[in-house]
Amino acid sequence: MCKSIEVGKHILNFCIKNKYEITPSKIQKLLYYMQGYFYAKNNENMFDEKILAWDCGPAIPEVNAYFTKYIHENKGEPIVANLFLSDAEKEVFKFVCEKKSVLSTNELIEITQKETPWVYVYKDGVGKNDIITNEHLKKWFGGI
């Protein structure tokens, strides 16, 4: 199992290489998709950190803090990613990055805020900062 920040480093490098917009929020949304697809397919987490329902959609606080600082200080420079993904992780990483990283941060926020896992947990702000559980992810991503 990976750490979300390490997977986020791979996402950052993928987006830089392909000249896609990169923001902390975008990294978090892509991680949400990776966790969802990975859990639905393998019945285990791709990473340990919890995904929370924030105002801006699914979020991972550790990732937000790390990449807000990194992107501000390094202005789009690649980062060393000290993580080797398993074949199953690579498959999900590639699928999500190829399908979703072309979207802007705002598009990803809009889309994730219409998806059942976030909508169900967030509940018009009542569930702000609550965990989007594996059960929510599996039910949604298993049906896609």
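A crossing of two helices is called left-handed if the near helix is turned anticlockwise from the far one by less than a right angle, and right-handed if clockwise. With that in hand, here are some close-up views of this predicted model.

**View 1. Helices H2 and H5 cross in a left-handed way.** The two helices pack at an angle of about 45 degrees, and their axes are 9 Å apart. That angle makes H2 oblique to H5. On the H2 side, the residues in contact are Ser25, Lys26, Lys29, Leu30, Tyr32 and Tyr33. They meet Thr105, Leu108, Ile109, Ile111 and Thr112 of H5. Several of these positions can be understood from a simple rule: an α-helix has 3.6 residues a turn, so residues three or four places apart point the same way.

**View 2. Thr105 sits in helix H5, which covers residues 105–112.** Is Thr105 buried or exposed? Its relative accessibility is 7%, so Thr105 counts as buried, the cut-off for that class being under 20%. Leaving aside residues up to four places away in sequence, Thr105 touches Glu21, Thr23, Ser25 and Lys26. Two of these partners, Ser25 and Lys26, also appear among the H2 residues that meet H5.

**View 3. Helix H2 runs through residues 24–42.** How far apart are the end C-alpha atoms of H2? They are 26 Å apart, which agrees with the 27 Å that its 19 residues should span at 1.5 Å a residue. Of those 19 residues, 16 are buried, so H2 is largely enclosed by the rest of the structure. Just after the helix comes Asn43, whose phi is positive, near 55 degrees.

**View 4. Helices H1 and H3 cross in a right-handed way.** H1 spans residues 4–17 and H3 spans residues 61–74. They pack at an angle of about 40 degrees, with their axes 10 Å apart. H1 is therefore oblique to H3. Which residues bring the two helices into contact? From H1 come Ser4, Ile5, Gly8, Lys9 and Leu12. Their partners in H3 are Glu62, Val63, Tyr66, Phe67, Tyr70 and Ile71.

**View 5. Lys19 and Asn129 are two loop residues with positive phi.** Lys19 belongs to the loop between H1 and H2. Although Lys19 is not a glycine, its phi is positive, about 60 degrees. The relative accessible area of Lys19 is 74%, so this residue is exposed. Asn129 lies in another part of the chain, in the loop between helix H6 (116–122) and helix H7 (134–142). Phi of Asn129 is near 75 degrees, again a positive value in a residue other than glycine. With a relative accessible area of 43%, Asn129 is partly exposed.

**View 6. Cys56 and Cys97 are both without a disulfide partner.** As a reminder, a disulfide is a covalent bond between the sulfur atoms of two cysteines. How many disulfides does a search of the whole structure find? The search finds zero. For Cys56, the nearest cysteine sulfur is that of Cys15, 17 Å away. Cys56 has a relative accessibility of 28%, so it counts as partly exposed. The sulfur of Cys15 is also the nearest one for Cys97, at 6.1 Å. Because a disulfide needs the two sulfur atoms within 2.5 Å, that pair does not qualify. Cys97 is buried, with a relative accessible area of 1%.

Definitions and conventions. Residues numbered from 1 in each chain as written. Predicted model: local features only at pLDDT ≥ 70, side-chain atom pairs only at ≥ 80, totals over all residues. Heavy atoms only, no water. Helix = DSSP H or I, 4+ residues; strand = E, 2+ residues; numbered from the N terminus. Expected span 1.5 Å × (residues − 1). Buried < 20%, exposed > 50% of the residue type's maximum accessible area, 1.4 Å probe, protein only. Axes fitted to C-alpha atoms, helices over the stretch in contact; angles between N-to-C directions. Parallel < 35°, antiparallel > 145°, perpendicular 65-115°, else oblique. Contact = heavy atoms within 4.5 Å.
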